[in-house]
Amino acid sequence: MIRTAANDWYKTRKLGDDITLISEPFIKPFYRCNIWHLRGRDRDLLIDSGMGVVSLRTHVPLVTEKPLTAVASHSHFDHIGCHHEFETRLAHRDEANLLANPTRKNTLAEDYVTDDIFEQLPPAPYSSESYVVKAAAVTGYLDEGDVVDLGDRRLTVLHLPGHSPGGIALFEAATGILFSGDTLYDGPLVENVYHSNTEDYYISMVKLRALKPRVVHGGHFRSFDGARFRILLESWFKSHGA
């Protein structure tokens with residue numbers, strides 16, 4: 001399989017609301033994490049950081065232009081690979097031990113990371129057999145109702161266990177923007193990994209049901225509007241007999 005040059009690994013796309021989507025286009029869509037960058041007055045925000053096979057700080061200058069807070073929506077390999085590159089690292093306390101002590105097993109790399117998840121391989125010396133996330137101990141906890149303050153933007157934390165124990169979403173009420181992590185996106189949801197919990201997932205979906213977002217930026221696949229948000233939620237409840 002062809003190896004990709006490090007300079008070509010990431011792609012950025014500016015959206016509205018001072019949001020930029022950073023993606024890894026050579027990872028197949030199901031495994032490709034959406035990395036979200038928000039511009040704030042006093043500091044910027046990074047939600048998730050991809051696989052970590054190529055340095056974000058080196059190859060995406062956007063993430064070095066201002067002081068930056070890196071938030072982990074949860075601690076699976078495809079979302080936390082470059083967190084160690086940032087000084088300020090926030091996550092829910094139920095993900096903290098894993099972020100500090102990642103293994104191939106507890107980050108799901110053992111179950112999912114093979115050459116088959118790529119359209120083109122990362123640059124050498126990457127090897128799927130030896131891939132592991134680097135440790136990135138959290139520097140602060142995010143709990144239900146906490147606010148991530150960027151100076152002119154305030155995002156409220158929603159604790160949404162189910163996919164993983166410390167999964168979170170961030171909701172900016174002033175703009176109606178929801179960053180939903182892997183709890184809800186427009187594609188097949190993962191509800192059966194080793195630390196998923198069906199009962200918790202249901203409670204988290206009920207919590208999301210109370211929101212009325214204008215736009216939703218999920219952990220994978222395309223973004224969608226509030227109408228699609230309602231359709232996806234109701235479809236989930238119907239498929240789960242609720």
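**Figure 1. Thr156 and its partners in a six-stranded sheet.** In this predicted model, Thr156 sits across from Phe171 of strand E10. The two strands involved, E9 and E10 (residues 168-172), run antiparallel and are joined by four bridges. Thr156 turns up again in the pairing with E8, as the bridge partner of Val147. E8 and E9 are antiparallel too, with three bridges between them. They make a hairpin with four residues between the strands, and there Gly151 adopts a positive phi near 105°.

**Figure 2. The whole open sheet from E8 to E13.** Pull back from Thr156 and you get six strands in the order E8-E9-E10-E11-E12-E13, forming an open sheet with mixed pairing. The edges belong to strand E8 (147-149) and strand E13 (224-225); each has a single partner strand, so one side of each has no neighbour in the sheet. At the E13 end, strand E12 (residues 215-218) pairs with E13 in the antiparallel sense through two bridges. One residue pair to look for here is Val215 with its bridge partner Asp225 in E13.

**Figure 3. Val216 and its surroundings.** Val216 is part of strand E12. Is Val216 buried or exposed? Its relative accessibility is 0%, so Val216 counts as buried. Once neighbours within four places in sequence are set aside, Val216 touches Leu178, Ser180, Ser223, Phe224 and Phe229. For a sense of scale, the C-alpha atoms of Val216 and Arg228 are 9.0 Å apart, with the two residues twelve apart in sequence.

**Figure 4. Helix H5, with a buried side and an exposed side.** H5 covers residues 198-209, and its twelve residues at 1.5 Å a residue should span 16 Å; the C-alpha atoms at the ends are 17 Å apart, so the two values agree. Which residues of H5 are buried? They are Tyr201, Ser204, Met205 and Leu208. These residues cover an arc of only 100° around the axis, which means they lie on the same side of H5. As a reminder, an α-helix has 3.6 residues a turn, so residues three or four places apart point the same way. Glu199 and Ile203 are exposed on the other side of H5. The buried residues of H5 pack against three elements: strand E9 (154-159), strand E11 (177-181) and helix H6 (226-239). Look also at the start of H5, where a side-chain oxygen of Asn197 comes to within 3.1 Å of the backbone nitrogen of Glu199.

**Figure 5. The other open sheet, starting from the E1-E2 hairpin.** Seven strands line up as E1-E2-E3-E4-E5-E6-E7 in an open sheet, again with mixed pairing. Here E1 and strand E7 (140-141) are at the edges with a single partner strand each, so one side of each lacks a neighbour in the sheet. Strand E1 (residues 11-14) and strand E2 (residues 19-23) run antiparallel and share four bridges; Thr12, for example, has Ile22 in E2 as its bridge partner. On to the next pair: E2 and strand E3 (residues 35-38) are antiparallel, also with four bridges, and Thr20 is opposite His37 in E3.

**Figure 6. Backbone oddities in three loops.** Start with the E1-E2 hairpin, which has four residues between its strands; Asp17 in that turn has a positive phi of about 65°. Asp18, in the loop between E1 and E2, has a positive phi of about 60° even though it isn't a glycine. Asp18 is exposed, at a relative accessible area of 52%. Leu108 is another non-glycine with a positive phi, of about 75°, and is found in the loop between helix H3 (93-100) and H4. Leu108 is buried, with a relative accessible area of 4%. Last up is a cis peptide bond, from Ala124 to Pro125, with omega near 10°. Pro125 belongs to the loop between helix H4 (109-112) and E7.

**Figure 7. Cys33 and Cys82, two cysteines without a bond.** How many disulfides does a search of the whole structure find? The search comes back with zero. The cysteine sulfur closest to that of Cys33 is in Cys82, and at 10 Å this is too far for a bond. The same goes the other way round, since the sulfur closest to that of Cys82 is the one in Cys33, at 10 Å. Cys33 counts as buried because its relative accessibility is 0%, and Cys82 is likewise buried at 0%.

Conventions. Residues are numbered from 1 along each chain as its sequence is written. This is a predicted model: local features need pLDDT of at least 70, side-chain atom pairs count only at pLDDT 80 or more; totals for chains, interfaces and linings use all residues. Side-chain values use heavy atoms; hydrogens and water are left out. The expected span of a helix is 1.5 Å times one less than its number of residues. Buried means under 20% relative accessible area, exposed over 50%, partly exposed in between (1.4 Å probe, protein chains only). The arc is that of the directions from the helix axis to the C-beta atoms. Contact means heavy atoms within 4.5 Å. A polar contact is a pair of N or O atoms within 3.5 Å; within protein, one must be able to donate a hydrogen and the other to accept it, and residues adjacent in sequence count only if both atoms are side-chain atoms. Two strands pair if DSSP finds at least two bridges between them. A disulfide is a pair of cysteine sulfur atoms within 2.5 Å.
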